[in-house]
Amino acid sequence: MPPTLASLVHHSALKLTVRAGEDRLDVPVRWAHVSELADPVPYMEGGELLLITALKLDAEDREAMRRYVKRLVGAGVVGLGFAVGVNYEDIPEALVEAAREEGLPLLEVPRRTPFLAISKAVSAAIAADQYRAVTAGFAAQRELTKQALNAGPEGLLGALAAQVDGWAALYDASGAVVAAAPDWAGRRAARLTADVERLWERPAPASSVVGGPEHEDRVELHSLGTGRRPRAALAVGTAAALGTAERYAVHSAIALLTLTTERSRSLHAAEQRLGTAVLRMLLAGEPDHARAVAGDLYGGLLDAPFRMIVAESVSGTAARVHADAHGHVAQPVSGGAALVADAGGDPLGGLAESLESAAARSGEAVLVVPDGERLVVLAADGGAAVAACTQYAAALEAARAAPEQAAGGEEEELVVGLSAPAGPIAAAAAYKQAEQALSVARRRGRVLVEHEQLAAGSVLPLLADDAVKAFADGLLRALHEHDATGRGDLVASLRAWLSRHGQWDAAAADLGVHRHTLRYRMRRVEEILGRSLDDPDVRMELWLALKATSAE
């Protein structure tokens, strides 16, 4: 505790007497200052005990004393010490009345007590308080370090909450609460997610204070991490502003949590290298070796149905041109709005953080492997990571359709393919499914396509691919050129004949011609194409070519 007027009054060596403001002696004293100026206010900072002898004051002038005391109170002076037996044998009544009117504590200083003794007493008390704060800070640091080593972040937060007589919470890179102490603080911390996100918009390291009439406490937010993007955030809630000792504790917690975060990043990098090896073994058809290498890290994931996720980033311009060419999106694409902005313009990094955070919160394993411009993920079927992937993609799809995002740009955008559920033996097949879904998503201008959507849908939408159209145009070009001369209607006749599965009478009736005319036309088709219509592969190719050209 810093010195107060009460502690100075009770100081046996000073012999001070209270003449006014008896009910305000618990105010802390920041310093003791001597000034005989008629107006010392310009030299005050607030919190001082002002010591005077009234050398240049008319202390018996009531109006002058009212103005003098009012200015002192306005400047934040917490007390006035008046030395008697120097210029006045007693404190003039005018000054006493003015002090009482303004509620300013007025202390009578006996002649035998020099001002220097009061200044020394204040200085010694301040030094002792600072020493206690530093000592308490070191003790807090030792306790926080002990808890961090023995009980992890949860134990550290518990010790910090006890040190500040409040609560503490830790947020992950997605802004979700991963730990809080005491237990009831989790709900309070969850309401500050928006404030945490605003904190991350500022250059790291950053801090802010949340408080006001709408809040039940004062909360400090601090970003954690040494990189450009914060890896986590710390919230500390208290009933009042932090004191020196509490501030030491908070700074120690920030340092320890930052070290933990950076250490976690190193471990994460090692896990990614291990995950890459496990994935390669799975794709090579060696699930037993993959399980042995993964051990407990991914073992549970490899024993249950999982889904393979393959994601890649593409330029926004390329995605827009392709999508516009096939008419799949009405609005230009922006790159995922706030979610990709939170990822620092790196959609793959944002997706990886989203999946890992969701898996960590649910306690499930997830294997995330960066692969150049791609990201390959193995996640439990029906788990939190797969749900986070679909939610992330849905948010980006919504951002694409937002009118305010219509300007577009060169931002990197995300394309994701999701396999059907599979097991370790079928990992290679699941990877191929995810790649196929990724290819369709890229062609359709979509963020995410699931393989089940392809299996349950029609093959016809796939015919919109440019390569398929080019093949169809080349296959049917000779027939179109023949029809353009006015010598027959071979393309329409071929379509009618194939649609009727080669039934001459039915196809001829659809065309309104004799069946012999239709037979002649089909012979001309075979002659022009140099292919036999008796071959089922030829009939299939021609039918798909007709469907592809009719889809234009």
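**Notebook: a five-strand sheet**

I started with the sheet: five strands make it up, open, in the order 1-5-4-3-2, with mixed pairing. I count two strands as paired if DSSP finds at least two bridges between them. Strands here are DSSP runs of E, at least two residues long, and helices are runs of H or I, at least four, numbered from the N terminus.

Next I checked the edges. Strand 1 (17–20) and strand 2 (31–34) each have a single partner strand, so one side of each has no neighbour in the sheet. From one strand to the next, the twist averages 30 degrees. My angles run from 0 to 180 degrees between N-to-C directions, with axes fitted to C-alpha atoms, for helices over the stretch in contact.

A note on the source: this is a predicted model, where local features need pLDDT of at least 70, side-chain atom pairs count only at pLDDT 80 or more, and totals for chains, interfaces and linings use all residues. Residues are numbered from 1 along each chain as its sequence is written, and side-chain values use heavy atoms, leaving out hydrogens and water.

Then I looked at one pair. Strand 4 (residues 79–83) and strand 5 (residues 106–109) run parallel, joined by four bridges. Ala83 sits opposite Val109 in strand 5. Helix 3 (residues 93–102) packs on the sheet and touches strand 1, strand 4 and strand 5; contact means heavy atoms within 4.5 Å. The direction of helix 3 makes about 75 degrees with that of strand 1.

Last, I looked up the whole protein. I found 20 helices and 15 strands. Of its 552 residues, 43% count as buried (under 20% relative accessible area, 1.4 Å probe, protein chains only).

Terms used: Buried < 20%, exposed > 50% of the residue type's maximum accessible area, 1.4 Å probe, protein only.
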